[in-house]
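Hi everyone, thanks for coming. I'd like to walk you through a structure that may be new to you, so have a look at it first.

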Amino acid sequence: MDAQCPYALYLARLSTNSRRSIQAQLEGIAEVMGWPLVDLPAKLACVDYAQALSIQNTLLREGFAPRSINRAMMAIRGVVKAAVITNQVDQQHYLNLQSVPKVKHGQHAGTPLTVHQVRKLFRMLAQNRTPLGLRNYAIFAVMLGCGLRRSEVADLNIGHYDREKRTLFVAQGKGNKSRTVYLPDWVQVTIEDWLEARTDESGYLFCTVKRGGHAHTGNPINGELVYSLVKRYFKELGLPTVTPHDLRRTYITRLLDQGADLNTVRQMAGHSDISTTVIYDKRDDKTMRKAADELNYGDAGLPL
C-alpha cells in the first residue's frame, strides 16, 4: 500500500489493539456497502457528506449498534482528514463530514455480573488444574480483577508483570494510552499458579498451550480466543449472553459499590474522560438509598 495512502496513514497512528479493531470494522463497511476490499482505501479517502449519510443509514438498517456506527464514522473522518493533510482532497470535504450527526444511543446494554455469578465462575474454573485450566483461570481473574479489555489481556508480555509491586503494565491500551494496573492479592495468586506451569521464560504472559500442557511463550493468544472462552464458560453457567466487556462493566461497578470514588475508578479503568466511566456505572437504587440513609451532619441533622 502506498506510503501516502490516507487509509494506511490513519491506521498507522492507532495503537495495535485499536488498529485491528478499526480495520476490521472498516472492512465490515466494505462488505455491507458491496465494495471490493481492494477498493476500500480509495473509497474511504473520498467519502463525502452524502456518502457518509448513506453509509450511516445502511449500517442502521443492518442492525449495527449506535456506538459501533459512531465509531465507524469517526474512523472514516480520520481517513478523510489524512487525505486532506496529504493534499488529496479539499479541506471542505472534511469539514462537511463534521456535520454528519451522531447516531443517538442510551447506556450500555450490557449487565454486570453479580457476586454470586462471579463466584460460580471461579468455582468452575478452579476444577481444572491443568496448565490450560490455570491459564484460563488467570485470564478471567485479570479481566474481573483488573478490568482489562480482551485485546489488552492478549497483548500482555511477561515483562509487563511486576511481581514485587503487584502490577501489570498495559503498554498500548485503547487510544494508544499506557497505564499501570494494580493486582488484588487473589489475582496475583492465579497468575503465579499459571506461571508455575508456563515458567518465567520471556514471551507473552498468556500464550498458547499445546498438547501435553506445554506453553508456547512466543505464541500469543488473541482477542477472539478470549471472546470464545467467555462465551463457552458462561454458556455452561446458563448465561449465554455475557460478553468480555460485561466483565469490565462488572469490575467498574464492583469498585464503585465498594466505595471507590469515581475519579479513581476512571484512572483504574483507563478512561480519559470521567463521563465514560459514568456510563459504565450500573449501580441500582439500593446504592442511592444507602447513601441517603447514611447522610448526616452530626447533631445538626437532627430535628429540633
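**Starting from the sheet**

Let's begin with one pair of residues: valine 170 stands opposite arginine 179 in β3. Before I go on, a word on what you're looking at: this is a predicted model, where local features need pLDDT of at least 70, side-chain atom pairs count only at pLDDT 80 or more, and totals for chains, interfaces and linings use all residues. Residues are numbered from 1 along each chain as its sequence is written, and side-chain values use heavy atoms, with hydrogens and water left out.

Back to the strands. β2 and β3 pair in the antiparallel sense over four bridges, while β1 and β2 (residues 167–170) do so over two. For pairing, DSSP has to find at least two bridges between two strands. Together the three make an open, antiparallel sheet in the order β1-β2-β3. Its edge strands are β1 (161–162) and β3 (179–182), each pairing on one side only. In general, strands of a sheet pair through backbone hydrogen bonds, either parallel or antiparallel.

Which residue in β2 is the bridge partner of tyrosine 161? That's leucine 168. β1 and β2 also form a hairpin with four residues between them, and arginine 166 in the turn has a positive phi of about 55°.

**The whole chain**

Zooming out, the chain has 15 helices and five strands. Those are DSSP runs numbered from the N terminus, with helices being H or I of at least four residues and strands being E of at least two.

How confident is the predictor? pLDDT is its confidence in each residue, from 0 to 100. The chain averages 86, and 88% of the residues score at least 70. Among the elements, helix α8 (residues 131–146) has the highest mean, 96, and helix α15 (residues 285–294) the lowest, 66.

Of the 304 residues, 42% are buried, meaning under 20% relative accessible area, with exposed being over 50% and partly exposed in between (1.4 Å probe, protein chains only).

**Inside the fold**

Now for the nonpolar cores. By that I mean sets of buried Ala, Val, Leu, Ile, Met, Phe, Trp, Tyr and Cys residues joined through side-chain atoms within 4.5 Å. The largest has 44 residues, and those with the most contacts inside it are Phe140 and Phe206. Helix α8 gives the largest share of this core, ten residues.

Take phenylalanine 140: leaving aside neighbours within four places in sequence, its contacts (heavy atoms within 4.5 Å) include Leu121, Phe122, Tyr233 and Leu247. Apart from this core lies another, of 31 residues, among them Ile29, Ala45, Ile76 and Val100.

Here's another residue to find: threonine 190, in helix α10 (residues 185–198). Is threonine 190 buried or exposed? It counts as buried because its relative accessible area is 6%. With neighbours within four places again left aside, threonine 190 is in contact with Tyr137, Ala138 and Ala141.

**A bit of empty space**

Last stop: a search of the whole structure finds two cavities of 30 Å³ or more. On a 1 Å grid over the protein atoms alone, a cavity is a set of points where a 1.4 Å probe fits but cannot get out, and lining residues have an atom within 4 Å of a point. The largest cavity holds about 40 Å³ of space, the volume being what probe spheres set on the points fill, with points joined across faces, edges and corners. Its lining includes Gln56, Asn70 and Lys102, and helix α5 (residues 66–85) gives the largest share of that lining, three residues.

How values were computed. pLDDT = per-residue confidence, 0-100. 1 Å grid on protein atoms, 1.4 Å probe; cavity = no way out; pocket = protein on both sides within 12 Å on 5 of 7 lines; lining within 4 Å.
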